[in-house]
Amino acid sequence: MKKKHFYSNLISIEQMHVEFGSLDLSKEERGHLLTLVHENLHLKILDTVFSHLTTNEKETFLSHLEDDDHDKTWEFLKEKIEDIEEKIVASAEELLKEFQHDIAKVKKRTS
């Protein structure tokens, strides 16, 4: 089972499951692609957060992540970054739209 991230309650990749399910892929290929989506999404969200924090704040944020304390993580982020939830959602939606666009291109080529 995948580890829950502090932002898991904000982001759903269910549509990616549907998109990959509509492609002619093996179970392993779908699983690999979903892993890549999760990893890229995580990196995109971390980049969004880091771009709004000072070096010292980044260290504190990483400490909360390491402790896997979602409440402290959110408390800290909301204190340091205005509208952080909206920023994270917008960043994730942008990346997911890019993935969906790429999938649409693949479908067009294979049809």
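**Close-up views of a five-helix chain**

**View 1. Leu 25, a partly exposed residue in a loop.** Leu 25 has a relative accessible area of 23% and counts as partly exposed, a class that lies between buried (under 20% relative accessible area) and exposed (over 50%), as judged with a 1.4 Å probe and protein chains only. The model is predicted, so local features are given only at pLDDT of at least 70 and side-chain atom pairs only at pLDDT 80 or more, while totals for chains, interfaces and linings use all residues. Residues are numbered from 1 along each chain as its sequence is written, and side-chain values use heavy atoms, with hydrogens and water left out. The place of Leu 25 is in the loop between H1 and H2, where helices (H or I, at least four residues) and strands (E, at least two) are DSSP runs numbered from the N terminus. Not counting residues up to four places away in sequence, Leu 25 touches Phe 20, Arg 30 and Leu 33, contact being heavy atoms within 4.5 Å. Leu 25 and Ala 104 are 79 residues apart in sequence, and their C-alpha atoms are 15 Å apart in space.

**View 2. The chain as a whole, with five helices and zero strands.** From the N terminus on, the elements run α-α-α-α-α, and the C-alpha atoms fill a box of roughly 50 × 25 × 20 Å along the principal axes. Of the 111 residues in the chain, 31% are buried. Among contacts with a separation of 6 or more, 67% come from residues 24 or more positions apart.

**View 3. Helix H5 and what covers its buried residues.** Helix H5 takes in the 27 residues 84-110, which at 1.5 Å a residue should span 39 Å, and its end C-alpha atoms are 39 Å apart, in agreement with that value; the expected span is 1.5 Å times one less than the number of residues. The buried residues of H5 are Ile 84, Ile 88, Ser 91, Ala 92, Leu 95, Leu 96, Phe 99 and Ile 103. Their cover includes helix H1 (14-21), helix H2 (27-50) and helix H4 (70-80).

**View 4. The largest nonpolar core, with 27 residues.** Such a core is a set of buried Ala, Val, Leu, Ile, Met, Phe, Trp, Tyr and Cys residues joined through side-chain atoms within 4.5 Å. The residues with the most contacts inside the largest core are Phe 6, Met 16, Ile 45, Val 49, Phe 61, Leu 77 and Ile 88. The elements H1, H2, H3, H4 and H5 each give two or more residues to this core, and H5 gives the most, with seven residues. Leaving aside its neighbours within four places in sequence, Leu 77 is in contact with Phe 6, Val 49, Leu 53, Phe 61 and Ile 84.

**View 5. His 64, a buried residue of helix H3.** His 64 lies in helix H3, which covers residues 55-67, and is buried with a relative accessible area of 15%. Apart from residues up to four places away in sequence, His 64 touches Asp 69, Lys 72, Thr 73 and Phe 76.

**View 6. Asp 68 and Asp 83, two residues with a positive phi.** Most residues other than glycine have a negative phi. Asp 68, although not a glycine, has a positive phi of about 55 degrees; this residue lies in the loop between H3 and H4 and is partly exposed, with a relative accessible area of 41%. Asp 83 likewise has a positive phi of about 55 degrees without being a glycine, its place is in the loop between H4 and H5, and its relative accessible area of 44% makes it partly exposed.
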